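Trainee: I would like to learn how to read a protein structure one feature at a time. Could we look at one together?

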Amino acid sequence: MTGILVILDGLAGRPTDLNGATCLERAVTPALDRLAARGALGLMDPVAPGVRPGSDTSHLSIFGYDPQRVYTGRGAFEALGIGMDVRGGDVCFRANFATVEERDGELIVLDRRAGRLPDGKPFEEAINGIRLDDFGVEFFFRASTEHRGALVLRGPGLSPAVSETDPHAVGVPVSRAEGHEAGARRTAEIVNAFTRRAHEALRDHPLNRERARRGELPANAILLRGAAAMPHLRPVTDEYGIRGVCIAGGALYKGVARLAGLTVLDVPGATGDLKTDLRAKARAALSAREDSALIFVHIKGTDNAAHDGDAQAKRQFIERADREFFAPLLADLPWDAVHLCVSGDHTTPPAVGEHTADPVPVLFVGPAVRPDGSRAFGERAAGRGGLGRFAGRLVPQLLGYCDLGPKFGA
């Protein structure tokens, strides 16, 4: 028996999305609706009712961990997710390539994503050529998808208890990192030096000069946030005695999956954006059944469109996921040997453009799931579904349907 968990990032919405209905409710999704008719629906609070979750905390909760107890910050997941070597005592940060302008000695943020930079890899060498020897620390930078990346600091006396340099706004200066105890003050000093030296390394980079000639925004700064030490988690694969795999494009989701013990598959075309190859993800999920009891698939495009405030793009991406991902699964999976869970990690209404605390719809389908009479997959249908409303823990529920895992009690 195989459990397949599919998370459409930021899937859920509000009635204000599209004239009284959510993007999911307006989308034409025949495959998902057929799956709903076979299974049962419910609503999930990714962390807890009324809690506005981050993508990191919601995924920890979905995998069965208590984020209130184990969460240390997003940077560790980001670094681990893009394959960086992270060790005990390292301090990790999420990073954005950004566009800044120097005014009176300050770096003023013009665009936090450098015009959604398509690829930061060409800048890696310049950034890793920065010297921080005067602080007695090593650092490692790696670009991931689009404008994103991660930074790892390694050395004595470091602390993740530092503030961000990302001001989360434009037209304002890059924030100075601050810390209150000795290790944090030292780390903040290193971060501020890195920020200034990264700008110096990037401002005259040949690719930035070329971007300027084309009328594009230069990627001439690095903004840091989500400082974190690596958390210690008992892998789900150890807890259940199984092998699991992850199919995802984004570094965060790969990072959480790796900490949970899953093997991250390299799927060409799984880019973690609106252009991701959904058919390739479906093929990878179907193939992984041969030797994996848990298959985790993350699909990001729904959230990207919602953060951009584009309700029509979100609806259209949901329809594409239905055609290119769920339809092949519906046609080719052996439904007497598979349990499937489909949900989101949080609600991202396009009109808000950010995560909200609303619950998200959940669908379970498989031979052990009692159908509840649902006929469509959507937020209001999920509110009437037989699973009710619950918090997180999708992976334990999914593996429970597969009769996997230890017994609690005699």
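Trainee: Which residue stands opposite Glu102 in E4?

Mentor: Strands of a sheet pair through backbone hydrogen bonds, either parallel or antiparallel. In this model, which is a predicted one, Glu102 stands opposite Leu107 of strand E4. The two strands concerned, E3 (residues 91–103) and E4 (residues 106–111), run antiparallel and are joined by 5 bridges.

Trainee: How many residues lie between the strands in the hairpin of E3 and E4?

Mentor: That hairpin has 2 residues between its strands, and Asp104 takes a positive phi near 50° there.

Trainee: In which sense do strand E1 and strand E11 pair?

Mentor: Strand E1 (residues 2–8) and strand E11 (residues 338–343) pair in the parallel sense, over 6 bridges, and within this pairing Thr2 stands opposite Val338 of E11. Both strands belong to an open sheet of 8 strands with mixed pairing, whose order is E9-E8-E10-E1-E11-E12-E2-E13. At its edges are strand E9 (263–264) and strand E13 (389–391), each of which pairs on one side only.

Trainee: Does Thr2, in strand E1, count as buried or exposed, and what does Thr2 touch?

Mentor: To decide the first point, we compare the relative accessible area with a cut-off, and a residue under 20% counts as buried. Thr2, which lies in strand E1, has a relative accessibility of 5% and therefore counts as buried. Setting aside residues up to four places away in sequence, Thr2 touches Arg289, Ser292, Ala293, Ile295, Ala337, Val338, His339 and Cys402.

Trainee: Where is Cys402 found, and which residues is Cys402 in contact with?

Mentor: Cys402 is found in the segment that follows helix H15 (394–401), and with a relative accessible area of 6% this cysteine is buried. Apart from neighbours within four places in sequence, Cys402 is in contact with Met1, Thr2, Gly3 and His339. Although Cys402 and Val338 are 64 residues apart along the chain, their C-alpha atoms are separated by 8.0 Å.

Trainee: How many disulfides does a search of the whole structure find, and why is there no bond between Cys92 and Cys246?

Mentor: A disulfide requires two cysteine sulfur atoms within 2.5 Å, and a search of the whole structure finds 0 of them. The closest cysteine sulfur to that of Cys92 belongs to Cys246 and is 18 Å away, so the distance is too far for a bond. For Cys246, the closest cysteine sulfur is in Cys341, at 15 Å, which is again too far for a bond. As for their surroundings, Cys92 counts as buried at 0% relative accessibility, and Cys246 also counts as buried at 0%.

Trainee: How many helices and strands does the protein chain have, and why is the chain called as compact as a globular protein of that length?

Mentor: The secondary structure of the protein chain comes to 15 helices and 13 strands. The chain is described in that way because its radius of gyration, 22 Å, is close to the 22 Å that the globule rule gives for 410 residues. Taken along the principal axes, the C-alpha atoms fill a box of roughly 65 × 50 × 40 Å, and 59% of the 410 residues count as buried. The chain exposes about 16300 Å², of which carbon and sulfur atoms supply 48%. Finally, among contacts between residues at least 6 apart in sequence, 74% join residues at least 24 apart.

Note on methods:
Residues numbered from 1 in each chain as written. Predicted model: local features only at pLDDT ≥ 70, side-chain atom pairs only at ≥ 80, totals over all residues. Heavy atoms only, no water. Pairing = 2+ DSSP bridges. Helix = DSSP H or I, 4+ residues; strand = E, 2+ residues; numbered from the N terminus. Buried < 20%, exposed > 50% of the residue type's maximum accessible area, 1.4 Å probe, protein only. Contact = heavy atoms within 4.5 Å. Rg over C-alpha atoms; globule rule 2.2 N^0.38 Å. Areas by Shrake-Rupley, 256 points an atom, 1.4 Å probe, with all protein chains shown as cover.
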